[in-house]
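Please look over the chains displayed here before reading on. The report is written for someone meeting them without any background.

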Amino acid sequence: MSLPSYVGKMKGKHFLNTNDFTQEEIKEILEAARDLRKKFRERTPTNYLPGRTLFMLFYNRSLRTRNSFEAGIYQLGGHAHFLSPQDVYTPTLPEDMVPYQTESIADVARVLSRYGDAIAIRIYGDAAKWHIGRGHRVIQEFAKWSSIPVLNMEDDVYHPFQALADIMAITDVAPNPRGKKFVVSYAYSGGLKPLAVPQSCILIGTQFGMDVVLAHPPGFELEDHVIQAAKENADRYGGSFEIVHDMREAFEGADFVYPKAWSPKKFFPPYNSKVDKDGAKEYQNKFQNWICTQELMDLTNKGKYMHCGPADRGQEVIDEVIDNPEYSLYFEQAENRLHVQKAVMAMVLP
Amino acid sequence: MSLPSYVGKMKGKHFLNTNDFTQEEIKEILEAARDLRKKFRERTPTNYLPGRTLFMLFYNRSLRTRNSFEAGIYQLGGHAHFLSPQDVYTPTLPEDMVPYQTESIADVARVLSRYGDAIAIRIYGDAAKWHIGRGHRVIQEFAKWSSIPVLNMEDDVYHPFQALADIMAITDVAPNPRGKKFVVSYAYSGGLKPLAVPQSCILIGTQFGMDVVLAHPPGFELEDHVIQAAKENADRYGGSFEIVHDMREAFEGADFVYPKAWSPKKFFPPYNSKVDKDGAKEYQNKFQNWICTQELMDLTNKGKYMHCGPADRGQEVIDEVIDNPEYSLYFEQAENRLHVQKAVMAMVLP
Amino acid sequence: MSLPSYVGKMKGKHFLNTNDFTQEEIKEILEAARDLRKKFRERTPTNYLPGRTLFMLFYNRSLRTRNSFEAGIYQLGGHAHFLSPQDVYTPTLPEDMVPYQTESIADVARVLSRYGDAIAIRIYGDAAKWHIGRGHRVIQEFAKWSSIPVLNMEDDVYHPFQALADIMAITDVAPNPRGKKFVVSYAYSGGLKPLAVPQSCILIGTQFGMDVVLAHPPGFELEDHVIQAAKENADRYGGSFEIVHDMREAFEGADFVYPKAWSPKKFFPPYNSKVDKDGAKEYQNKFQNWICTQELMDLTNKGKYMHCGPADRGQEVIDEVIDNPEYSLYFEQAENRLHVQKAVMAMVLP
C-alpha cells in the first residue's frame, strides 16, 4: 500500500494544544483528516500504522474519545490498550505519590515508551483534584519523560482534538472561515465542568482568523494566559476576539454558536484557596437562563449549532435545537473526532 | 480471499430475538456457523470483516458472551471494544437519566454509529432495575436510533445467541430435530436469574418443529407473549408445545433436557407493584428438589443434558451429570456461541 | 512470511515456573527473544501467530505485565482479551466458590480453551488471600483443566517471565554469566509484597551457573522448596548458592545486584496460623536501613543494578541509583518482558 504524504510528516511530536502548531500545520492535519474520512466512508483500507500500539490512559469517563481513538488506531492498522488508572499502578506526579498504589509518571512513561508507539491521556476534574492546571501538568510530565508521542485526550486546560474536530466541522460549512462570527458561549449545567473546551475553542477560532466572541456571565472568565493567546492569534491571523456578557447580544448575526457549560474558576485553586464545589454549583445555578433555545438560534445569521458532547439536554440546550439536522453540527463534530485523531496519529506516530 | 455467500446476506439487520427471523433464515445462520466452525478448527483464515469495529456494552458480568464475541470478531478480521457502563457516560433510557453520569441512548447510538459497525448489548437484572422488559427496552431503544446493527447479548426477555448455540448443538446430534422431545425445565438456584434463557429456548425449539415441554413449579410461569409465540411456532412448524409441573413427568422419554434456573416473575414489575427480591428468593427456596440428577437422566430417551452456563453446581445440577461427556452438551453449547455469533456478524455487519 | 524455527517449538506447554524447563530450553527462549527484539527495533513484521487469542486474567494491578503481553501478542499478529475478575464470573478454586459470583476454574478453563489459544493469569496477595501458595494453586488448577497453554504472569511463588527478562538483561551484559556474582537482596518497603520475584531470581541465576548470593535480614527466609531447588540448580549447572544476612557483605564484589522488597512469610499461612498483615509491616519497618545507595553500589565490581519494577523509590533504592544509566538495568529489564513473553508465546501457542 502506498502511503499518503502526510504519514509520518510530524513524526515524534507531542499533541498537547492546538496552539503549539501553526495554522499551516493544522490545515495539513485537516487535509489528512478529510482524506481519511473519504477512505473510511468508501471502506478503502488505511493500514498506515501496522504493528503500532497506542496506550490510552483514561482517568475520566469517555464515550466519544475512547471509541474514536480505539476504532481510529485500529482502522489505521494498529491497536489500542484501554488503561484505567486502577488497573495499572496509577501514574502520578511526584507530589501525589501514594506508596504501593501509584507509580511515578517518569517511570510509567519510560516503560511504555519501550513497548509501543504513543500515549494518550485524559485527566481533569476529580482526577486532577480540581486544582486547575494539575491535569495539564500530568500530561506535560508524561511528555517530558516519554520518548514516544503524547496525545492530550482532554485535560483541565485544553481539549485539542475536540478543537480540531470543531474547526473541521466549521470549515466543512465555510471552507474559508475568516471573518465568520463564531460565538463560544457559556450555557447552564448543574454539573461541574472543566475549562478545556471553551479555551481550545477560542484558540482554534482565532487561529483560523474568525471573529470570535466569547460570551459568559460575570465570574466565568477563562484563564488569562488563554485569553492572551487568543488575542495574539487574532492579531496574527487577521480575525478578532471580543468578550461580552449577554447571550442574546452574542448570538446576533452569528455564523456558528457553541453554547457549552464550564465551571467558574474562582472557586478552584490556584484561583481560590481551596476546592469549593458547592460554591461553584450554587453560583452556576444563578444562570439557568443561559440555555440555547430556538429563539436564540433565530437571532443568528442562519447560524450552526455546535457542542462537543455529551450535552446536558434541558440545561445547556433544548432538544429541538440540538436535534435539528438543519443547523446542528452535533453528530458531525462527534464523527470528526475519529478523522482528526486518525490524521494526527498517522502524522506523529513513529 | 473469496467471500462465502453468507457474508453480508442480512446486511444491516438487528438481531434482538430469534423469533424475528424465519426458520429458513435461522438455518442459514447455522449453515454459516458450521462453515466457520470447520474453518476455525482447521485454522483456515476467515478475515471476512476487515476494519470492522464491534462495540460491546456489558451492563452485567460475562465469561462466554464477552470472550466469544471478542474472539469472534477478531477471528473475522475485525476488532471489539469492551465497554463498561462506568467507563462511558452510562447509556440510559429517557426516564432514567441522571445528570452528568448518564447519556441518552439516542445520542450514544448515533455517535457509535459514526465510528463502527455494530453495537452488542447485555442488560438484565439489577442493571435493568429488575423491572422485567426494561432491559429489552434499552436494547430496542438502541436499535431505534442506531444506523448499524444492534445485537442482543442477553436482556431480561431474550437470549437469542444462546438459543442459536443451543439449536446448533441439538441439530449436531439430531440433524432433523422435528418431533424430538425437548424439555426446558426449571431447576433450583438460590440466585436471581432472568427469564431470557428459557424464553428463547422454547421459541427456538418450537421454531424447529420440536415437541417442546416446559416444566416448572407453580409460580414460575414465563411471560404470556412468549408462550403465545411458542404456540404459534408449534402450529406453524409442525411441533408441539406443552406445559407440565413435574420434573420427572417432563424428563420421561426426553431427547434433550435443559434444566435451568429462573426467578418467578410475580415478584417483579410489571407483574408486581414493586421489586421483591427477598420474596422471590424465599419462594424459590421451596423448590430445591428441582435438581437434575442421574436418576432423572435415566428417565430420558438417552437424552442429552443442556445448560447455557454458568451452572450452579449442586443446585441446578450435580457434577456427575454436567461433567458426563456421554450426554452433556455443556461445553459444546459454550463453544457454539463463538460460531453462531461469528455467523450472525458475518451476515449482518455492513 | 517464513516462520523462524522457534515458532511452535514447545507447542502446548504451560509456562508456570522457569525451573520446569532445562537450561537449554531457557537459552532457546532467550535466542528467540533476541531475534524478536531485533525485529521489533527494525520494525520487521513478526505475524507468527495470526488469529491467535490470548486471555489475560488479572486479579492484581499491572503496568509492565499487562502492556507487554497485550502489545506482544498483537506484534505477533494475535489479540489479547483484558479480563478483570469482576467482569467475568470470578474464576475460583472449589473451596472458595461464592454462589452467583464465582465460576469454577475447571469450567472457565474448559470454556476459554474452546475460544482461543492461551490463558495468562496474575494472582497473588489479597487476591490469593495472603495464603502463600494459593495463588500458585489457582494457576495450577487452570493448567490442569485447560487444553491450551497457561502462562504464569506472577503468582505468590513464582514470577517466571520476570526471571526470563532478568537473565536476558544479565546475559546482554555478560554473555556467559557462569561464575558471575549475582546478589538477590532484600530491600525495605512499607508495602506487602509476594516472594515471587526473589524466588524466581535465585532459580534463574543458579540455572545459569552464577554465584548466587541471597541476602536478607533474619525472618525473611524464602520457601524451603525453592531454596532446595536453587541448591540443586547450583550443583547441576556448576554455580554456587549462599545465604548471608548483611547487605554490605553481599554487595562486595558483586557483578549484579537485585535489591527488592518481599514480606516475611512467617506472618502468613501456611507459615502462620492466620494472616497477620500488621505484624508483617511492623516487622518490616525494623529494616529501613536495607536500602540500595550509591555507597553500596561502590562496593560492587562495577555491578549492575536490577529491579523488576515498580520500585519503591526512597525505600528500596534512591533515585540516583535506579536512574543512573551507567549501571541501572531497570528499563532494560522492563523492555525485555516484551521480548521474552513474545518468545514464549511464539514457542508454546498452538
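The text below takes up the copies, the domains of one chain, the contact between two chains, and one residue.

This is a predicted model, in which local features need pLDDT of at least 70 and side-chain atom pairs count only at pLDDT 80 or more, while totals for chains, interfaces and linings use all residues. Residues are numbered from 1 along each chain as its sequence is written, and chains are lettered from A and ligands numbered from 1 in the order in which they are written.

Chain C is superposed on chain A by a rotation of 120° with 0.0 Å of shift along its axis, at an RMSD of 0.0 Å, the fit being made by least squares on the C-alpha atoms of residues with pLDDT of at least 70 in both copies. The two copies are therefore related as by a three-fold rotation axis.

Within chain A, the domain assignment, which comes from an automatic or database source, gives domain 1 (18-157 + 337-348) and domain 2 (160-334). The C-alpha centres of these two domains of chain A lie 24 Å apart. Residues are in contact if their C-beta atoms, placed from the backbone, lie within 7 Å, and the contact between the domains takes 25 residues from domain 1 of chain A and 29 residues from domain 2 of chain A. Helices (H or I, at least four residues) and strands (E, at least two) are DSSP runs, numbered from the N terminus. On the side of domain 1 of chain A that touches domain 2 of chain A, the elements giving two or more residues are H1 and helix H12 (330-348) of chain A, and H1(A) gives the most, with 5 residues.

The contact between chains A and B takes 21 residues from chain A and 20 residues from chain B. On the side of chain B that touches chain A, strand E1 (53-58), strand E2 (79-83) and helix H3 (105-115) of chain B each give two or more residues, and the largest share, 7 residues, comes from H3(B).

The table sorts two of these sides by class, where Ala, Val, Leu, Ile, Met, Phe, Trp, Tyr, Cys and Pro count as nonpolar, Asp, Glu, Lys and Arg as charged, and the others, Gly among them, as polar.

| Side | Nonpolar | Polar | Charged |
|---|---|---|---|
| Chain B, touching chain A | 10 residues | 5 residues | 5 residues |
| Domain 1 of chain A, touching domain 2 of chain A | 11 residues | 9 residues | 5 residues |

Finally, A:Leu16 lies in the segment before helix H1 (23-42) of chain A. A:Leu16 counts as buried because it has 21 C-beta neighbours inside 10 Å, the cut-off for buried being 20 or more other C-beta atoms within 10 Å, with 12 or fewer for exposed. Leaving aside neighbours within four places in sequence, the contacts of A:Leu16 include A:Ile139, A:Val150 and A:Pro160.

Conventions:
Two residues are in contact if their C-beta atoms, placed from the backbone, lie within 7 Å.
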